[in-house]
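Student: I am new to this structure and would like a close look at a single part of it. Please keep the answer plain.

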Amino acid sequence: MHPLYDVLYRRRDTRREFTGEPIDPAVLERVLGAAHAAPSVGLSQPWDFVLVSDERVRREFRDHVLTERRVFEASLDPERAAVFDRIKIEGVLESSLGVVVCYDPSRGSPAVLGRHAIADAGLYSVCLAIENLWLAATAEGLGVGWVSFYREDFLRRLLGVPAGVRPVAWLCLGGVRDLPDVPDLERHGWRERLPLDDVVHHERYGQRPGR
């Protein structure tokens, strides 16, 4: 099996495993370079990366995340809430660095080749950059945790992100003790990974051999 597959399957959404050790600048440059090498619609490269090391800013963001955690938890039934209670959703302070990935839809405008029929193609491009970053970080022995418990307007104000630019992800990045063999959400019983056969269709949606 090609080594790339090892990186793909070792990748984890990291929370508890961060060591907080500083990231070697050369390693950080390689990881960000891998993100910037991602494919993008019309070669628009509509991403920006805001590197956040300031503890005050990170603490303010973490407090906001924990508030949103309580909002989500209040929506759950008691059984589901008990499962969720065991799951850590962020490593904002434990990680070495926050990397906020933003989407600028004006990059390459007004005529972004390939975006005229699919408006979200630019956003998809940003997600490809995030995946590149994640895989490169894994190959470098770093962990990444995608924090999604936040309101975009709050993060925009916190970091001075201009109007029209969308903060897509706060990524916690840093050295880790290890990467778990089983993802957190599976280990804690939140969800199980679907078999590949359940999501592969042939010729038409819903058509599967022998079914």
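Which residues make the nonpolar surface patch of about 610 Å²?

Tutor: The model is predicted. Met1, Leu4, Tyr5, Leu8 and Tyr9 make this nonpolar surface patch, which covers about 610 Å². One of these residues, Leu4, has its place in helix α1, which spans residues 3-10. Leu4 counts as partly exposed because its relative accessibility is 45%, and the limits for that class are 20% and 50%.

A strand gives a contrast to the patch. Strand β3 runs over residues 142-147, and 5 of its 6 residues are buried, so the rest of the structure largely encloses this strand. Strand β3 also has a pairing partner: strand β4, residues 166-175, lies antiparallel to β3, with 6 bridges between the two. Within this pairing, Val147 has Trp170 of β4 as its bridge partner.

The cysteines can be read in a similar way. A disulfide is a covalent bond between the sulfur atoms of two cysteines. The count of disulfides here is 0. Cys102 takes part in none, and the nearest cysteine sulfur to it, that of Cys127, is 13 Å away. Seen from Cys127, the closest cysteine sulfur is in Cys102, and 13 Å is too far for a bond, because a disulfide needs the two sulfur atoms within 2.5 Å. As for surroundings, Cys102 is buried, since its relative accessible area is 3%, whereas Cys127 is partly exposed at 34%.

Technical notes
Residues numbered from 1 in each chain as written. Predicted model: local features only at pLDDT ≥ 70, side-chain atom pairs only at ≥ 80, totals over all residues. Heavy atoms only, no water. Patch = residues over 30% accessible without salt bridge, like charges linked within 9 Å, V, L, I, M, F, W, Y side chains within 5 Å. Areas by Shrake-Rupley, 256 points an atom, 1.4 Å probe, with all protein chains shown as cover. Salt bridge = Lys/Arg side-chain N within 4 Å of Asp/Glu carboxyl O. Helix = DSSP H or I, 4+ residues; strand = E, 2+ residues; numbered from the N terminus. Buried < 20%, exposed > 50% of the residue type's maximum accessible area, 1.4 Å probe, protein only. Pairing = 2+ DSSP bridges.
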